[in-house]
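Please open the structure in your viewer and keep the sequence panel visible. The tour proceeds by selections, each followed by a short account of what is to be found there.

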Amino acid sequence: KRGEDRELRMYFDDPDGGPGEEYMRLRVDAGSLYKRPDGSLFQVGDSVLITVRVVDPEQIYFEFEPSGLRFNPSVPAELKIEYAETEGDLDDDGDVDNDDDAIEQVIDLWRQEQAGQDFVKLGAIKIEDLDEIEADILGFTRYAIAY
């Protein structure tokens, strides 16, 4: 809702089926909503239903809707994605080794505007000690952590 801070969090399931470690967080500040997909501007009090779908949890790949929603470049939305559940095995080959260390040096957040199009590297802040990637985003589309 324009004029109010909002936050969405997704969690991995813990072994008992409850919320476990945080997987993804999206923060939309009071001034972040800017344009609807049709290009019309948001006014204070206007709202939009935001949905997030995990396209593939094994690939850390999300789809945000409504596609085409735009955020204020001065107050972008903030996206944080955790990759701690990989337990360091970033290439998913069953062990943690130098290959995984090399991957962690280059992983980043990537954006795909439409299904089937190429992904474009965004450039994000990677906090290796926390196994997370953070980025300011200006719109909704598909996002993935990749290398």
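The following stops visit a sheet, a helix and a group of aromatic rings in a predicted model.

**The sheet.** Select strands E4, E5, E12, E8 and E9, which form an open sheet in that order, with antiparallel pairing. Strands E4 (51–56) and E9 (120–121) stand at the edges; each has a single partner strand, so one side of each is left without a neighbour in the sheet. Now select E8 (residues 108–112), which two bridges join to E9. Arg111 has Val120 in E9 as its bridge partner.

**The helix.** Select H1 (residues 98–106), where Asp100, Ile103 and Glu104 are buried. These residues cover an arc of only 100° around the axis, which puts them on the same side of H1. The buried residues of H1 pack against strand E10 (125–127). On the face turned away from the buried side, look for the exposed residues Asn98 and Gln105. Then select Asp97, which caps the N-terminal end of H1: one of its side-chain oxygens is 3.0 Å from the backbone nitrogen of Asp99.

**The aromatic rings.** How many aromatic pairs does the structure hold? There are seven. Select Phe64 and Tyr143, an edge-to-face pair with 5.5 Å centre to centre and 80° between the planes. Phe64 lies in strand E5 and Tyr143 in strand E12, so this pair ties together parts that are 79 residues apart in sequence. Both Phe64 and Tyr143 are buried. Finally, add Phe12, Tyr23, Phe62, Phe71 and Phe140 to the selection; together with Phe64 and Tyr143 they form one aromatic cluster.

Methods
Residues numbered from 1 in each chain as written. Predicted model: local features only at pLDDT ≥ 70, side-chain atom pairs only at ≥ 80, totals over all residues. Heavy atoms only, no water. Pairing = 2+ DSSP bridges. Helix = DSSP H or I, 4+ residues; strand = E, 2+ residues; numbered from the N terminus. Buried < 20%, exposed > 50% of the residue type's maximum accessible area, 1.4 Å probe, protein only. Arc of directions from axis to C-beta. Contact = heavy atoms within 4.5 Å. Polar contact = N/O pair within 3.5 Å; in protein donor to acceptor, adjacent residues only side chain to side chain. Phe/Tyr/Trp six-rings, centres within 6.5 Å; stacked < 30°, edge-to-face > 60°.
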